[in-house]
Amino acid sequence: MDIADLRDRILNQERRALARAITLVESAREDHRAQAADLIDSLRGSGRQALRIGLSGTPGVGKSTFIESFGMMLTAQGLRVAVLAVDPSSARSGGSILGDKTRMERLSRDKNAFIRPSPSQTHLGGVARRTREAVALCEAAGFDVVLIETVGVGQSETVVAEMSDLFLLLLAPAGGDELQGVKRGIMEMADLILVNKADGDLKSAAMRTCADYSGALRLLRKRPQDPEGFPKAMTVSALQEDGLSKTWEEMRTLSEWRKEAGHWATRRADQAQYWFHEELRQALLAKLQTKDAQAVVADLGRKVAAGSVAPSAAADQALAELGITQS
């Protein structure tokens, strides 16, 4: 693959080149990983930045409907929008449905929008392992806003906050989870909490739920990256496209304040460091999958099962035999 040519086509905003590049970075083949690293490195000097928006919420809350309505509103304003949707993979077959593009029928036809579903595979935290690199590719391709939709599994979905500038949490009205607002989990990572489906018979329930979460947010410790009034809870109706412009206004207010206060650049630097440590951790884990490492682990595993060596001692011995020293 001609990496220089692919880089130039991405910088020229060619959608097919972007799709091909994302496929390359998602590949687990060793030669593809080397090419992907070269491509990402060559695009670092593009100087292009997008507003990265992470979006999480329980299944059925209306994430796809919200993204389509929100994305259509942004493209109508002349903005280019990329959507990276992560689908859960089967624990049995490893396959994914990847139906997000089908659910966003209107947005998928918009010339200013790009939708890419990806399987989560074995990666935990609600995103795919290479989603961060896909975000960088979308930025280099000149997109103004990158929306990262997580698989939607619950309180552990905080990894997306490490690759986004703003983190939105979508909730359903009258879900019975108002008490979750005081938990130290996904709630304290959110910048905006959006109570969706605030229309029809559910509108009054949505208003009550929003009030409950507003109260819960006041119990959380104030974060240095938040101006007065943030994080905040709001009601929206993705189906009727109500409250979307107000949401976008609040998002711009927050992002502009963080840029002026210096939190934007600091946060992105911290995120880069986080992913360096994550890549290092994954590389060390990959060493355990080699043939020689598997033989060492299997041998020591049999000794642990027989009771001839303690698990902690066996772990130390395995690391020593693999050449990984501990301090």
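**Figure 1. Leu284 and its greasy neighbours on helix α10.** In this predicted model, Leu284 sits in helix α10, which covers residues 263–287. Its relative accessibility is 42%, so Leu284 counts as partly exposed. Look for Phe276 and Leu280 as well: together with Leu284 they make a nonpolar patch on the surface. The three residues add up to about 290 Å² of accessible area.

**Figure 2. A buried salt bridge that starts from helix α10.** Here Arg268 pairs with Asp165 in a salt bridge, and the closest N and O atoms are 2.7 Å apart. Arg268 belongs to α10, while Asp165 comes from the loop between β4 (145–149) and β5 (166–171), so this pair ties together parts of the chain that are 103 residues apart in sequence. Both Arg268 and Asp165 are buried. Elsewhere, salt bridges with shared partners link Arg33, Arg130, Arg132, Glu133 and Glu279 into one network. Searching the whole structure turns up 26 salt bridges. As a reminder, side chains of opposite charge can pair when their charged atoms come close.

**Figure 3. Salt bridges around helix α1.** Arg9 and Asp5 both lie in α1 (residues 3–11), 4 residues apart, which is about one turn of the helix. They form a salt bridge, with 3.8 Å between the closest N and O atoms. Asp5 has a relative accessible area of 36%, so this residue is partly exposed. A second pair to pick out is Arg7 with Asp8, also a salt bridge, where the closest N and O atoms are 3.1 Å apart. Arg7 is partly exposed at 25% relative accessible area, and Asp8 is partly exposed at 34%.

**Figure 4. Helix α7, tucked into the rest of the structure.** This helix runs over residues 131–140, and 8 of its 10 residues are buried, so the rest of the structure largely encloses α7. The buried residues are Thr131, Glu133, Ala134, Val135, Leu137, Cys138, Glu139 and Ala140. One of them, Glu133, is also a member of the salt-bridge network with Arg33, Arg130, Arg132 and Glu279. Just after α7, have a look at Gly142, which takes a positive phi of about 85°.

**Figure 5. The β6-α8-β7 unit.** Strand β6 (residues 192–195) and strand β7 (residues 232–235) run parallel and are joined by 4 bridges. To get your bearings, find Leu192, whose bridge partner in β7 is Lys232. Add helix α8 (residues 203–217) and you have a right-handed β-α-β unit made of β6, α8 and β7.

**Figure 6. Backbone details in the loops next to β6 and β7.** Let's go loop by loop. Between β6 and α8 you'll find Lys197. Phi of Lys197 is near 65°, a positive value in a residue other than glycine. With a relative accessible area of 31%, Lys197 is partly exposed. In the loop between α8 and β7 comes Pro231. The peptide bond leading from Phe230 into Pro231 is cis, and its omega is near -5°. Then there is Glu241, in the loop between β7 and α9 (244–261). Glu241 is a residue other than glycine with a positive phi, here near 55°. Its relative accessible area is 43%, so Glu241 counts as partly exposed.

**Figure 7. Ala76 and Asp110.** Ala76 is part of helix α4, residues 63–76. At 69% relative accessibility, Ala76 is exposed, because the cut-off for that label is over 50%. Asp110 is 34 residues away from Ala76 in sequence, and the two are 9.6 Å apart in space, C-alpha to C-alpha.

**Figure 8. Zooming out to the whole chain.** After the close-ups, here is the overall picture. The chain has 12 helices and 7 strands. Of its 327 residues, 46% are buried. The chain exposes about 16,700 Å², and carbon and sulfur atoms supply 51% of that area. Among contacts between residues at least 6 apart in sequence, 76% join residues at least 24 apart.

Definitions and conventions: Residues numbered from 1 in each chain as written. Predicted model: local features only at pLDDT ≥ 70, side-chain atom pairs only at ≥ 80, totals over all residues. Heavy atoms only, no water. Patch = residues over 30% accessible without salt bridge, like charges linked within 9 Å, V, L, I, M, F, W, Y side chains within 5 Å. Areas by Shrake-Rupley, 256 points an atom, 1.4 Å probe, with all protein chains shown as cover. Salt bridge = Lys/Arg side-chain N within 4 Å of Asp/Glu carboxyl O. Helix = DSSP H or I, 4+ residues; strand = E, 2+ residues; numbered from the N terminus. Buried < 20%, exposed > 50% of the residue type's maximum accessible area, 1.4 Å probe, protein only. Contact = heavy atoms within 4.5 Å. Pairing = 2+ DSSP bridges. Right-handed = clockwise from strand over helix to strand, strands pointing away.
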